Amino acid sequence: PEWFAEYTGVVVDRLSDRVSKWITINEPQIFLGPDPGDTIGAPSLRPTVGERLVTAHHTLMAHGRAVQVIRSRAKVKPSVGWAPIGRTKYPASTSPRDIDAARALMMSVPARDFWNNTWFADPVVFGRYPEDGIATYGVPMSFVKPGDMEIIKQPLDFYGVNIYDGEAVAADADGRPRIVPHAPGHPQTAIRWFITPEALYWGPKFLYERYKLPMVVNENGMSGTDWVGVDGRVADGPRIDYTTRYLNALGRAIADGTDVRGYFHWSIMDNFEWQQGFKERFGLIHVDYATQKRTLKDSAHWYAKVMASNGRSLGVEA
């Protein structure tokens with residue numbers, strides 16, 4: 001936490017006369033290793049569940065110290081948030097039972113992995129770990145020292161969400177939530193993530209209901225099999241369709257009362273993905289990695305019009 005605060009201070013001193021919006025940490029669940037038994041990304045470590053929880057705790061403390069540094073040293077009044085990632089759930093139907101089941105599963109710690117929302121968000125917003133998570137992990141919480149939670153819980157201006165897909169949830173006969181598998185042939189992106197626009201309606205809605213913080217979609221987009229055609233175009237129609245569906249879902253969430261302050265498409269250009277390298281192309285702009293030539297895809301020209309109209313070009317649902 002101390003090192004991260006010092007590093008944040010250097011960044012703030014260099015940029016804070018020009019930057020007003022800040023994110024402390026992005027997707028801690030991913031760099032901590034979401035699944036028990038998995039190696040942690042680049043270092044290829046294989047920690048125990050207890051060791052992961054200790055590291056996660058110090059990550060949350062680093063977030064808290066970073067917020068303190070930003071607010072104390074920014075030259076322009078800062079708007080501060082962060083961007084955790086968890087599994088987004090959405091109801092398999094519009095029945096109240098399924099909606100309640102989806103909300104309950106999304107806002108719980110059902111397994112000893114990090115694919116959840118509340119273990120990371122509850123300490124940041126409420127200053128405490130969720131009781132069901134403590135029971136699920138079954139690890140002594142002795143790593144939480146006096147004063148730690150006060151450091152972690154800092155006032156935030158927005159809650160960042162990174163949402164690409166979600167899981168449908170229905171209530172069983174006893175009202176308990178169960179995952180409803182996608183039907184065979186359900187559409188997927190090039191990275192084999194399912195296309196579920198409902199996630200960008202229910203994900204921000206459920207999080208906003210619980211944490212009462214304005215939502216900012218920091219990441220949403222799709223990997224495609226994109227290349228420059230003989231006519232010089234990159235015809236990525238599926239990305240246009242994907243983004244239209246997701247933005248319309250987000251527009252409905254706003255219309256229904258979810259406080260959404262921004263949306264950022266991932267990504268502006270094809271890039272080196274941390275765990276996937278150059279394999280996946282998420283960009284609106286095609287990059288020839290050998291020559292570094294940039295080519296605007298069809299989606300880039302389309303998205304420019306969406307931005308210029310503030311979403312009105314999407315149609316009535318926006």
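In the predicted model, Glu27 is placed in the loop that connects strand 1 to helix 2 (28-32). Although Glu27 is not a glycine, its phi is positive, at about 50 degrees. Most residues other than glycine have a negative phi, and most peptide bonds are trans. Glu27 counts as buried because its relative accessibility is 13%, and buried means under 20%. A positive phi of about 55 degrees is also found at Lys212, again not a glycine. Lys212 belongs to the loop between helix 8 and strand 7. With 59% relative accessibility, Lys212 counts as exposed, since the term applies over 50%. A further backbone feature is the cis peptide bond from Trp266 to Ser267, with omega near 5 degrees. Ser267 is part of the loop between strand 8 and strand 9 (285-287).

Strand 1, which precedes the loop of Glu27, belongs to an open sheet of five strands in the order 1-2-4-7-8, with parallel pairing. The edges of this sheet are taken by strand 1 and strand 8, each of which has a single partner strand, so one side of each is left without a neighbour in the sheet. On average, and with direction ignored, neighbouring strands of this sheet are turned by 25 degrees against each other. Four bridges link strand 1 with strand 2 (residues 79-83) in the parallel sense, and Lys21 stands opposite Ser79 of strand 2. Helix 3 packs on the sheet and touches strand 1 and strand 2, its direction making about 165 degrees with that of strand 1.

Helix 1 also meets these elements: its buried residues pack against strand 1 (21-26) and helix 3 (49-73). For the 14 residues of helix 1 (residues 2-15), a rise of 1.5 Å a residue gives an expected span of 20 Å, and the end C-alpha atoms are 20 Å apart, which agrees. Phe4, Ala5, Thr8, Gly9 and Val12 are the buried residues of helix 1. Viewed down the axis of helix 1, these buried residues fall within an arc of 145 degrees, so they line one face of the helix. An α-helix has 3.6 residues a turn, so residues three or four places apart point the same way. Trp3, Glu6 and Arg14 are exposed on the other side of helix 1.

A second open sheet contains three strands in the order 3-5-6, with mixed pairing. Its edge strands, strand 3 (89-91) and strand 6 (177-180), each pair on one side only. The average turn between neighbouring strands of this sheet is 45 degrees, direction ignored. Strand 3 and strand 5 (residues 167-171) run parallel and are joined by three bridges; Lys89 has Glu167 of strand 5 as its bridge partner. Helix 4 (residues 96-106) lies across strand 3, strand 5 and strand 6, at about 120 degrees to strand 5.

Helix 9 (residues 237-255) has 19 residues, for which 1.5 Å a residue predicts a span of 27 Å; the end C-alpha atoms are 27 Å apart, in agreement. Among the buried residues of helix 9 are Arg239, Ile240, Tyr242, Tyr246 and Leu250. The elements that cover the buried residues of helix 9 include helix 8 (199-211), strand 7 (215-219), strand 8 (260-263) and helix 10 (298-308). Gly257, which follows helix 9, has a positive phi near 110 degrees.

The largest nonpolar core comprises 71 residues, of which Leu53, Phe120, Tyr137, Tyr159, Leu200 and Leu207 touch the most other members. In soluble globular proteins, nonpolar side chains tend to be buried together. When neighbours within four places in sequence are left aside, the contacts of Tyr159 include Trp82, Pro84, Ala121, Leu207 and Tyr211.

Two loop residues complete the description. Gln154 is located between helix 7 (148-152) and strand 4 (158-162) and is buried, with a relative accessible area of 14%. Apart from neighbours within four places in sequence, Gln154 is in contact with Gly64, Val67, Gln68 and Val124. Lys145 lies in the loop between helix 6 (131-137) and helix 7 and is partly exposed, with a relative accessible area of 49%. Between Lys145 and Ala121 there is a separation of 24 residues in sequence and 19 Å in space, C-alpha to C-alpha.

Conventions:
Residues are numbered from 1 along each chain as its sequence is written. This is a predicted model: local features need pLDDT of at least 70, side-chain atom pairs count only at pLDDT 80 or more; totals for chains, interfaces and linings use all residues. Side-chain values use heavy atoms; hydrogens and water are left out. The expected span of a helix is 1.5 Å times one less than its number of residues. Buried means under 20% relative accessible area, exposed over 50%, partly exposed in between (1.4 Å probe, protein chains only). The arc is that of the directions from the helix axis to the C-beta atoms. Contact means heavy atoms within 4.5 Å. Two strands pair if DSSP finds at least two bridges between them. Axes are lines fitted to C-alpha atoms, for helices over the stretch in contact, and angles run from 0 to 180 degrees between N-to-C directions. A nonpolar core is a set of buried Ala, Val, Leu, Ile, Met, Phe, Trp, Tyr and Cys residues joined through side-chain atoms within 4.5 Å.
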